[in-house]
Amino acid sequence: MRYFDIGVNLSSEQFAKDRADVVSRARLAGVDNMLLIGSNIQDSQQAIVLANEFSLIASAGIHPHDAKTAEDDYCQIIQNLTEQNTVVAAIGECGLDYNRDFSPRDKQREVFAAQVALANKLNKPLYMHQRDAHHDFLAIVKEAQVPGVVHCFTDSEEALEAYLELGFYIGITGWLCDERRGDTLRKLLPRIPLDKLLFETDAPYLLPRNIKPKPKSRRSEPLHIEYVAKQAAELYQRPLEEVANAAFYNAHKLFGLELA
Ligand SMILES: [Zn+2]
């Protein structure tokens, strides 16, 4: 089985001591490629360095949590990073998070809308985050003329239908493997057409709860992506191979990569 983990925070401090091991363990487990998430300018720069070092891809953008501290010329910086580094495959992580509200909501909207416009201008896919902000998110994302993924989807049926309607891909994490917290997502999963499905670990966060035997560390790693895929296959009532292959193909298509 081959996997493409579309959401890894490899620049996290939690990977500081063993990044290369984390990547090689993942490769041995069939994870051919990963998208390293950039959540602010400095983090995007680090993601780009790591993507170059390990032959992976990265995103460049400003997460809603970081909207309040965005540089004045963040759009120009993201544009330069994207044009100067072929590993940058998407604009983001960008979006709205009204769950934590780490940035004022008007600032979140301003920074998200600017990145949607930038993605249109650069003709790059969007890597998006949405938490408890569906209606405002939808109003902004309707302006997108490029494809994109709503990563770590955990929202309602209404939100899912709206994103599918716009042609977006849906990123599924280890939330799916949580029987209590992931209940809504588990019921909605079969509504996601296989040609819109993507898998991600969001490592080092969201350790899947169905790993056996249970790992000693709570740190998630990209090698755990198979547990997300296995859970999904069960819920789709389809063979793992079919579901995993679909997600693997979709990631290549979205990020404009050739299948090796
Ligand atoms: Zn996110």
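## A first pair of strands

Let us begin with one small match: A60 has I91 in β4 as its bridge partner. Strands here are DSSP runs of E with at least two residues, helices are DSSP runs of H or I with at least four residues, and both are numbered from the N terminus. The pairing of β3 with β4 is parallel and rests on three bridges; two strands count as paired if DSSP finds at least two bridges between them.

Before going further, a word on the model: it is predicted, so local features need pLDDT of at least 70 and side-chain atom pairs count only at pLDDT 80 or more, while totals for chains, interfaces and linings use all residues. Residues are numbered from 1 along each chain as its sequence is written, and side-chain values use heavy atoms, with hydrogens and water left out.

## The sheet and its helices

The strands build an open sheet of eight, in the order β1-β2-β3-β4-β5-β6-β7-β8, with parallel pairing. At its edges are β1 (3-8) and β8, each of which pairs on one side only. Neighbouring strands are turned by 30° against each other on average, direction ignored. Such angles run from 0 to 180 degrees between N-to-C directions, with axes as lines fitted to C-alpha atoms, for helices over the stretch in contact.

Helix α9 (residues 240-254) packs on this sheet and touches β1, β2 (31-36), β6, β7 (169-172) and β8; contact means heavy atoms within 4.5 Å. The direction of α9 makes about 95° with that of β8.

## Strand β4 and its neighbour β5

β4 and strand β5 (residues 126-131) run parallel and are joined by six bridges. Two matches help you find your way: C94 stands opposite M128 in β5, and G95 has H129 in β5 as its bridge partner. Between these strands the chain passes through helix α4 (residues 105-122), making a right-handed β-α-β crossover. Right-handed means that, with the strands pointing away from the viewer, the path from the first strand over the helix to the second runs clockwise.

β4 is mostly covered, with 10 of its 10 residues buried. Buried means under 20% relative accessible area, exposed over 50%, and partly exposed in between (1.4 Å probe, protein chains only).

## The zinc site

Which residues hold the zinc ion as protein donors? They are E93 (OE), H129 (ND1) and H151 (NE2), at 1.8 to 2.1 Å from the ion. Along the chain these donors follow the spacing E-x35-H-x21-H. Because E93 lies in strand β4 and H129 in strand β5, the pair ties together parts that are 36 residues apart in sequence. Donors are N, O and S atoms within 2.8 Å of the metal (3.2 Å for Na, K and Ca), and water is not among the atoms, so sites may look incomplete.

E93 is buried at 4% relative accessibility, and H129 is buried at 7%. E93 also follows a cis peptide bond: the one from G92 to E93 has omega near 10°.

## Other backbone details

A cis peptide bond also links A203 to P204, with omega near 10°. P204 sits in the loop between β8 (197-199) and α8 (225-236).

Two residues other than glycine have positive phi. S55 has phi near 55° and lies in the loop between α2 (41-54) and β3 (57-60). C152 has phi of about 45° and belongs to the loop between β6 (148-150) and α6 (157-165). Are these residues buried or exposed? S55 is exposed, with a relative accessible area of 57%, whereas C152 is buried at 3%.
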